[in-house]
Amino acid sequence: MEHQIIIETEVEGVEPFADALREVIPAALAAEGVELPCEVDVLFTDDDGIHQINREQRDVDRATDVLSFPMFEWTPGEPPTAEDTGLVDPGSGLLPLGDMVLSVDHIKAQAAEFGHSERRELCYLAVHSVLHLLGYDHLDEGPQKRQMRAREEAILGALGITREGDHG
């Protein structure tokens, strides 16, 4: 299935990150059983840029690592299927899932903090965001968060991107 990952950047040097996203986002969609070709829009920015977006869109006055803006509301574990073709953009033939905003500053800092590569941190955040675009949430710190974490680890594990196997 051919998904379209549209990547924009406000910062330099994200080409290796863009390549990783073109691998991990479709893999996450496949792992979640998405049956329609989708469009995901990604913006790479820095802490100042994500802080501004967070303040304007969510009224949260701080930088963060990733923001997700779903186009539709889905139930976790019940991805869009062929029955949802009415939501497909007639011009592109793609289901617009939503937007993902990533702070390169946070990716680098968190990779150093957790002792793994920037690629691993980026892939984790991208999978996390895809799950948000598909209706997962973690606001309750309980069952929802555990469900989301389990899916993140399963998807990353299937790609061979694990905490234990990545210290570069």
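Reader: When α3 passes α4, is the crossing left-handed or right-handed?
Author: This is a predicted model, where local features need pLDDT of at least 70, side-chain atom pairs count only at pLDDT 80 or more, and totals for chains, interfaces and linings use all residues. Residues are numbered from 1 along each chain as its sequence is written, and side-chain values use heavy atoms, without hydrogens and water. Look at α3 where it passes α4 (right-handed means the near helix is turned clockwise from the far one by less than a right angle, left-handed anticlockwise): the crossing is right-handed.

Reader: At what angle do α3 and α4 pack?
Author: Helix α3 covers residues 104-114 (a helix is a DSSP run of H or I, at least four residues; a strand is a run of E, at least two). Its axis and that of α4 lie 8 Å apart (lines fitted to C-alpha atoms over the stretch in contact, with N-to-C angles from 0 to 180 degrees), and the packing angle is about 115°.

Reader: And which residues of α4 make that contact with α3?
Author: From α3, the contact (heavy atoms within 4.5 Å) takes in I107, K108, Q110, A111 and F114. On the other side, α4 brings E118, E121, L122 and L125.

Reader: Why is α1 called oblique to α4?
Author: Helix α1 (residues 15-31) and helix α4 (residues 118-133) have axes that come within 9 Å. They cross at roughly 40°. That makes α1 oblique to α4, because the classes go by angle: under 35 degrees is roughly parallel, over 145 roughly antiparallel, 65 to 115 roughly perpendicular, and the rest oblique.

Reader: Which residues of α4 does α1 meet?
Author: The two helices cross in a right-handed way. On the α1 side you'll find F17, A20, L21, E23, V24, I25, A28 and L29. Facing them in α4 are E118, R119, L122, C123, A126, V127 and V130.

Reader: How far apart are the axes of α4 and α5?
Author: Now jump to helix α5, which spans residues 143-158. It packs on α4 at an angle of about 130°, and the axes are 10 Å apart.

Reader: So which residues of α5 touch α4?
Author: The crossing of α4 and α5 is right-handed. On the α4 side, the contact uses R120, C123, Y124, V127, H128, L131 and H132. Their partners in α5 are M148, R149, R151, E152, E153, I155 and L156.

Reader: Which element gives the most to the lining of the largest pocket?
Author: About 470 Å³ of space lies in this pocket (on a 1 Å grid, an open set of points where a 1.4 Å probe fits, with protein on both sides within 12 Å along at least five of seven lines; lining residues have an atom within 4 Å of a point). Of its 19 lining residues, R58, S68, H132, D137 and H138 are closest to the centre. Two elements, α4 and β3 (66-70), give two or more residues each. With five residues, the top contributor is β3.

How values were computed
Grid points are joined across faces, edges and corners, and a volume is the space filled by probe spheres set on the points.
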